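Open the model in your viewer and keep the selection panel at hand. The stops below can be taken in order.

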Amino acid sequence: GGGGRKGLSIYRIEENIYEIHLRLADVIIEKLPWRKCIEKYDRKETLFFLDPPYYNCEKDYGAGIFTRDDFQKIRQALQELKGQFIMTLNDLSETREIFGCFQIESERIKYQVSGKPQEASQLIIRANL
């Protein structure tokens with residue numbers, strides 16, 4: 001790098017938009033239930049990013065939208081996946097047990113929902129390569 005801070009500059013807006021366009025040229029963003037998205041796009045060359053509700057926080061998105069049983073269903077779908085995946089989830093013994101058949105790394109993160117920032121441990125779960 002050149003040592004300067006790179007950010008969005010009004011003087012470089014056209015260049016920045018073009019760079020973003022190139023970076024996202026082959027990216028597909030869908031608003032679908034997770035299972036339908038996997039069924040629609042699962043191919044050998046596909047990379048899925050999954051960010052389900054945190055374990056023990058399933059009801060935060062509304063009743064019946066995501067349930068505890070969905071974690072088992074996600075694991076089963078990921079085990080049958082043709083493509084690759086990356087998934088983030090809270091670091092609990094339950095999540096490590098459910099998804100222990102995949103590669104798991106733990107990362108310290110800071111987050112803020114309301115109030116002051118808090119630290120937590122988050123799992124990054126990937127397909128076995």
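Which residues are linked with Arg12 in a network of salt bridges? Select Arg12, Glu15 and Glu19: these residues are linked in that network. The model you are looking at is predicted.

**Stop 1: the Arg12 network**

Show the side chains of Arg12 and Glu15. They meet in a salt bridge, with 2.8 Å from N to O. Glu15 counts as partly exposed, at 41% relative accessibility. Arg12 is also partly exposed, at 26% relative accessibility. The structure holds eight salt bridges, and two further ones follow at the next stops.

**Stop 2: Arg68 and Glu58**

Select Arg68 and Glu58. These two form a salt bridge in which the closest N and O atoms are 2.8 Å apart. The pair links distant parts of the chain: Arg68 and Glu58 are ten residues apart, and each is in the loop between E1 and helix H3 (69–79).

Is Glu58 buried or exposed? Glu58 counts as buried because its relative accessibility is 7%, and the limit for buried is under 20%. Its partner Arg68 is partly exposed, with a relative accessible area of 38%.

Keep Glu58 selected and add Arg126. Draw a distance between their C-alpha atoms: the separation is 21 Å, for residues 68 apart along the chain.

**Stop 3: a pair within helix H3**

Move to Lys73 and Asp70. Both lie in helix H3, three residues apart, which is about one turn of the helix. Their side chains meet in a salt bridge, at 3.9 Å from N to O. Asp70 counts as buried, at 11% relative accessibility, whereas Lys73 is partly exposed, with a relative accessible area of 41%.

**Stop 4: a nonpolar patch**

Switch to a surface view and select Ile20, Leu24, Val27 and Ile29. Together these residues form a nonpolar patch on the surface, with about 410 Å² of accessible area. Now pick Ile29 alone; this residue is found in the loop between helix H1 (13–23) and H2. Ile29 is classed as exposed because its relative accessible area is 76%, and the limit for exposed is over 50%.

**Stop 5: the largest pocket**

Which residues are the closest to the centre of the largest pocket? Before selecting them, note that this pocket has a volume of about 1,500 Å³. Of the 39 residues that line the pocket, Cys37, Phe48, Phe49, Leu50 and Asp51 are the closest to its centre.

Next, colour the elements that contribute to the lining. Helix H2 (34–41), strand E1 (47–50), strand E2 (84–90) and strand E4 (118–126) each supply at least two residues. Colour the lining by residue class as well: it divides into 26 nonpolar, five polar and eight charged residues.

**Stop 6: Ser93**

Finish at Ser93, which has its place in helix H4 (residues 93–98). Ser93 is exposed, with a relative accessible area of 56%.

How many ångströms apart in space are Ser93 and Asn16? Select both and draw the C-alpha to C-alpha line: Ser93 and Asn16 are 42 Å apart in space and 77 residues apart in sequence.

Notes
Residues numbered from 1 in each chain as written. Predicted model: local features only at pLDDT ≥ 70, side-chain atom pairs only at ≥ 80, totals over all residues. Heavy atoms only, no water. 1 Å grid on protein atoms, 1.4 Å probe; cavity = no way out; pocket = protein on both sides within 12 Å on 5 of 7 lines; lining within 4 Å. Points joined across faces, edges and corners; volume = space filled by probe spheres on them. Helix = DSSP H or I, 4+ residues; strand = E, 2+ residues; numbered from the N terminus. Nonpolar A, V, L, I, M, F, W, Y, C, P; charged D, E, K, R; others polar. Patch = residues over 30% accessible without salt bridge, like charges linked within 9 Å, V, L, I, M, F, W, Y side chains within 5 Å. Areas by Shrake-Rupley, 256 points an atom, 1.4 Å probe, with all protein chains shown as cover. Salt bridge = Lys/Arg side-chain N within 4 Å of Asp/Glu carboxyl O. Buried < 20%, exposed > 50% of the residue type's maximum accessible area, 1.4 Å probe, protein only.
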